[in-house]
Amino acid sequence: MAERKVGDICGSSASTTSDDHPKDTLDLKPEDGDPESPEAQKDQDLKSVLVTSVLNLEEIDVDLYRGTHHWVPRTQRLFGGQIIGQALVAAAKSVGDNLYAHSLHCYFVRAGDPKVPVLYQVDRIRDGRSFTVRSVRAIQHGQPILICQASFQMLQPSPLQHQFTMPAVPPPEDLLTAEELIRLYLSKPDLAEKYKLGLNKLLAIEVPIEIKPVNPPVFYKVTASEPKNLFWVRARGYIGEGNMKLHCCVAAYVSDFALLGTALLPYPGYRAQFAASLDHAMWFHSTFRSDEWMLYECESPWAGGSRGLVQGRLWRRDGVLAASCSQEGVLRVKPVTRPSKL
Ligand SMILES: CCCCCCCC(=O)SCCNC(=O)CCNC(=O)[C@H](O)C(C)(C)COP(=O)(O)OP(=O)(O)OC[C@H]1O[C@@H](n2cnc3c(N)ncnc32)[C@H](O)[C@@H]1OP(=O)(O)O
């Protein structure tokens with residue numbers, strides 16, 4: 001299968017079969033070439049776990065897929081980004097080669113259960129001339145946990161093109177990863193035991209995303225800040241060029257990570273007692289590589305009524321706006337009790 005260069009926006013490499021449904025188009029296998037070659041083996045070894053497992057759905061029947069879990073947050077409810085990414089994989093499988101993921105809108109209606117797989121039932125809502133829409137229900141225990149609509153468009157260039165300017169920040173090479181920051185905190189000789197425990201738990205989590213905060217928090221800082229956050233993100237491991245559709249699914253996974261917490265930044269005197277994403281919308285603007293560093297600019301324009309609205313923009317290193325997202329989440333908080341100084 002000819003490799004598609006990254007110039008295609010969230011494209012796919014489909015081929016139609018004898019029936020009227022294009023066959024599965026999201027090929028997660030290594031690119032063309034001898035699968036036994038040392039290069040292919042190296043790729044396979046380094047292949048991001050997001051590709052080899054999290055976003056690699058099993059086909060159960062036409063338009064019915066099953067997804068498994070890789071990393072589950074401490075809340076023990078499925079990570080929202082995983083369900084979104086897998087739902088987009090399922091939606092994209094029945095969409096032809098000349099169509100590109102440009103948006104998705106989801107509601108999280110029940111907590112995902114990490115003890116059982118997720119089924120993805122795809123409904124082919126419409127195949128229009130320029131736009132094709134799929135609806136996906138993520139199902140567990142016979143009930144939907146997520147409802148998602150995804151839309152795909154033919155490439156239709158236009159003279160109307162503009163974007164905001166990417167924030168000026170240090171490059172990722174000048175910053176520390178989240179793990180490096182945690183190890184730095186752990187190296188403090190006067191670090192209290194209870195903090196050590198929490199930090200080592202964080203280190204033990206195998207999140208398939210690498211993160212470099214642009215303004216790393218001062219360790220257990222208690223000062224309020226604006227509800228804005230910036231960090232460099234990329235998928236761990238190798239994904240490679242040629243499958244923009246897959247990069248969109250990985251970006252959907254990444255976009256839900258550390259986003260909702262932006263709304264808590266002005267309130268260091270409170271901690272989340274219950275926090276969960278209610279909905280999530282995403283728009284894909286240009287080509288990008290989700291296994292290369294991208295700047296994730298997050299901000300929360302509003303919070304109230306036990307909810308917080310957060311918005312994110314994913315920027316390529318060259319300043320091109322790759323994707324935007326918006327999410328509202330439940331934020332039920334309680335005051336942080338600090339040991340009295342007396
Ligand atoms: C800052 C940290 C950011 C973390 C971001 C995590 C991002 C994620 O990936 S979350 C995963 C994706 N999203 C989801 O799973 C949400 C799925 N949807 C749902 O679970 C439901 O639709 C939900 C909970 C939003 C609404 O359902 P509904 O039955 O109306 O909820 P409700 O009765 O209000 O209470 C639900 C939960 O809030 C808890 N709760 C209710 N009131 C309070 C309160 N005052 N204080 C604290 N918790 C409360 C309840 O105990 C219950 O918790 P649990 O599910 O563990 O029993």
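Ile147 is placed in strand 6, which covers residues 143–154. The model described here is predicted. With a relative accessibility of 31%, Ile147 counts as partly exposed, because the partly exposed class lies between 20% and 50% relative accessible area. Together with Tyr107 and Val109, Ile147 makes a nonpolar surface patch of about 260 Å².

## The chain as a whole

The secondary structure of the chain comes to six helices and twelve strands. Of the 342 residues in the chain, 46% are buried. The accessible surface amounts to about 17300 Å², and 55% of that surface belongs to carbon and sulfur atoms. Among contacts between residues at least 6 apart in sequence, 74% join residues at least 24 apart.

## Helices 3 and 6

Two of the helices can be described by length and by cover. Helix 3 comprises the 13 residues 80–92. At 1.5 Å a residue, helix 3 should span 18 Å, and its end C-alpha atoms are 18 Å apart, so the expected and modelled spans agree. Helix 3 is mostly covered, with 13 of its 13 residues buried.

Helix 6 is treated in the same manner. Its twelve residues should span 16 Å at 1.5 Å a residue, and the end C-alpha atoms are 16 Å apart, which agrees. Helix 6 is also mostly covered, since twelve of its twelve residues fall in the buried class, which means under 20% relative accessible area. The buried residues of helix 6 include Met244, Leu246, Cys248, Cys249, Val250 and Tyr253, and among them are also Lys245 and His247. An α-helix has 3.6 residues a turn, so residues three or four places apart point the same way.

## The loop before helix 3

Leu78 is placed in the loop between strand 2 (64–67) and helix 3. At 7% relative accessibility, Leu78 counts as buried. Leaving aside residues up to four places away in sequence, Leu78 touches His69, Val72, Pro73, Ile83, Gly112, Asp113, Pro114, Val118, Gln140 and Ile145. Leu78 and Ile209 are separated by 131 residues in sequence, and their C-alpha atoms lie 16 Å apart in space.

## Strand pairing around strand 8

Strand 8 (residues 228–235) is joined to strand 7 (residues 209–213) by five bridges, and these two strands run antiparallel. Within strand 8, Phe231 stands opposite Pro213. Strand 8 also pairs with strand 10 (residues 294–304) in the antiparallel sense, over six bridges. Lys228 stands opposite Glu299 in strand 10. In a regular strand the side chains alternate between the two faces of the sheet.

## Salt bridges

The count of salt bridges comes to 15. Three of these pairs are set out below.

| Pair | Closest N to O distance |
|---|---|
| Arg236 and Glu179 | 2.5 Å |
| Arg313 and Glu299 | 3.3 Å |
| Arg307 and Glu328 | 2.8 Å |

The side chains of Arg236 and Glu179 meet in a salt bridge. Arg236 lies in the loop between strand 8 and helix 6 (244–255), whereas Glu179 lies in helix 4 (residues 178–186), so the pair ties together parts that are 57 residues apart in sequence. Arg236 is partly exposed, with a relative accessible area of 27%. Glu179 is likewise partly exposed, with a relative accessible area of 21%.

Arg313 forms a salt bridge with Glu299. This pair links distant parts of the chain, Arg313 being in strand 11 (residues 307–315) and Glu299 in strand 10, 14 residues apart. Are the two partners buried or exposed? Arg313 and Glu299 are both buried. Glu299 thus has two roles in this description, as the salt-bridge partner of Arg313 and as the residue opposite Lys228.

Arg307 forms a salt bridge with Glu328. Arg307 lies in strand 11 and Glu328 in strand 12 (residues 321–335), so the pair ties together parts that are 21 residues apart in sequence. Arg307 is partly exposed, with a relative accessible area of 32%. Elsewhere, salt bridges that share partners join Glu241, Arg289, Asp291 and Glu292 into one network.

Methods: Residues numbered from 1 in each chain as written. Predicted model: local features only at pLDDT ≥ 70, side-chain atom pairs only at ≥ 80, totals over all residues. Heavy atoms only, no water. Patch = residues over 30% accessible without salt bridge, like charges linked within 9 Å, V, L, I, M, F, W, Y side chains within 5 Å. Areas by Shrake-Rupley, 256 points an atom, 1.4 Å probe, with all protein chains shown as cover. Salt bridge = Lys/Arg side-chain N within 4 Å of Asp/Glu carboxyl O. Helix = DSSP H or I, 4+ residues; strand = E, 2+ residues; numbered from the N terminus. Buried < 20%, exposed > 50% of the residue type's maximum accessible area, 1.4 Å probe, protein only. Expected span 1.5 Å × (residues − 1). Pairing = 2+ DSSP bridges. Contact = heavy atoms within 4.5 Å.
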